Amino acid sequence: MQLKPNAYRLNETVKGVETMTRFALAVLALASGVYTYLGVRGILDGSATFVFFAAIIYSAAVSVAIYAFWSFMLRFVPLVTSGVQRIGLFITMAIGCAMIMAMSSWLNAAALAGSAATEQHMAVTLQGYAEDLDLAHANALGAQSLLPDVQRAAERFTGLANDERESGALTGTTGSGSVVQLLTQMGTQMNQLATTITGSRDEVAGLFEQGSQRLATMRELVSTPGAVEPRADSFQSEAVQLSAVIAALQQTGVAASVKRASADLSAGFIAPVADGGSADLANRQDQVMETVRASVAAQSAALSAAADEILATPQVEQRRFVPLSSAEAVLRYWQDFIPSWAGAISIDLLPVVLVLVLMIVNDAMRKDSESLEEAENITAAEMLRAMALFRQMEAAGIDVPTGQPRPVAEPLPEAEPVDTPTAAELPPDDGTVTPINAAQRQRTDGPRPA
């Protein structure tokens, strides 16, 4: 059985936690100010003194604004009962929350996750540079795929020249003549082209090794613990060097050179004059050289087409590393730091929960107070004041139920005197009648004895 009404108990509890509520609100405002100071200090430029005082002033203004705003909301929202007015306060509270997030929450997130966000930016950039290096290396090695075709063509021309010289496989006449000379010439050109392709392999491998070393250094800068600002500066220097290596790899490719050399095989084909001793041998030499011309044209077209495929590969676009401040990095990579954002926003908007709790408790107190009897809803002091006021109204002649002065009673009219007979005028007592003294008989007297 409760000795006190529930509304009274709720009211006493609200008064009991009022100090704790103010203390909690002050601590939250102070914490938000501290993290706001850390966030502001990371984005301001200038001398150390200027940055310090500017960050202190801004963070103090944020703390005062947060404490004042939530103090107003904690005091006014629970007391308002009208639906329209309460909706207006809710809209005002929503606007205030948005302003607090704009001036404080994102800076709190920058202080909580600024270093991690900057490292995330460096890691993403590093991944992009690694992809660029691999693509540039692949493009540079694309021309190496033409090497087997070129070597095979060189071996074929050289073999035909040897066969023609030793056994007359093409013209039917052994010895070194015009056909052998032409085939040897084509084989020599193919060997020179193969040497060009092979020579570029070592240069490509050296550049790729340099790029890999730059990437390894950049990975160490990303993962090494410590202050992020000096690491970001070193990372930017390594990124510039790596960009130069990637550009050199793109210029090392010999696909364009192979295409030009292939076109020269056909366009610059010069057939020697048949030097056969007889007309028949000269005719056969001319026929073989025409066949060689057609073969060289086909080989040239095949190599040009292969070189075009390599050249059609998209080139690597020049990438630049743009350093970001901690706040900018947090905003750009906010999806990777949702827990930090949640903590930063909760510091500023946690009083919303206190406002709602007080609103619900005050509504419950009003509802319980309406269902109480008047006698259950009065204090001892109120009772004493009511009794004193009642006595004053009685003494003043005021009717308490109506609150109006009591009417004054009119005096009764005086009764006419009645003639009382004297003893002489009374009839004689014959002993049969007992006289009654009416003046001495009172209503409060008990019954007469018989």
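Here are some questions and answers about this predicted model.

Student: How many helices and how many strands does the secondary structure of the chain come to?

Tutor: Happy to start there. From the N terminus on, the elements run α-α-α-α-α-α-α-α-α-α-α-α-α. The secondary structure thus comes to 13 helices and zero strands.

Student: What span should helix α13 have, and how far apart are its end C-alpha atoms?

Tutor: Helix α13 covers residues 380–395, which is 16 residues. At 1.5 Å a residue, taken one time less than the number of residues, the helix should span 22 Å. That agrees with its end C-alpha atoms, which are 23 Å apart.

Student: Which residue with a positive phi follows α13?

Tutor: Look just past this helix for a phi near 75°. The residue with that positive value is G397.

Student: Is V27 buried, partly exposed or exposed?

Tutor: V27 is found in helix α2, residues 18–43. Buried means under 20% relative accessible area and exposed means over 50%. V27 has 42% relative accessibility, so it counts as partly exposed.

Student: What is the area of the nonpolar surface patch that V27 helps to make?

Tutor: Nice follow-up. V27 makes this patch together with V17, M20 and F23. The area of the nonpolar patch is about 380 Å².

Student: What percentage of the contacts between residues at least 6 apart in sequence join residues at least 24 apart?

Tutor: For background, the chain has 450 residues, of which 31% count as buried. The chain exposes about 27,900 Å², with carbon and sulfur atoms supplying 60% of that. Among contacts between residues at least 6 apart in sequence, the share joining residues at least 24 apart is 79%.

Methods: Residues numbered from 1 in each chain as written. Predicted model: local features only at pLDDT ≥ 70, side-chain atom pairs only at ≥ 80, totals over all residues. Heavy atoms only, no water. Patch = residues over 30% accessible without salt bridge, like charges linked within 9 Å, V, L, I, M, F, W, Y side chains within 5 Å. Areas by Shrake-Rupley, 256 points an atom, 1.4 Å probe, with all protein chains shown as cover. Salt bridge = Lys/Arg side-chain N within 4 Å of Asp/Glu carboxyl O. Helix = DSSP H or I, 4+ residues; strand = E, 2+ residues; numbered from the N terminus. Buried < 20%, exposed > 50% of the residue type's maximum accessible area, 1.4 Å probe, protein only. Contact = heavy atoms within 4.5 Å.
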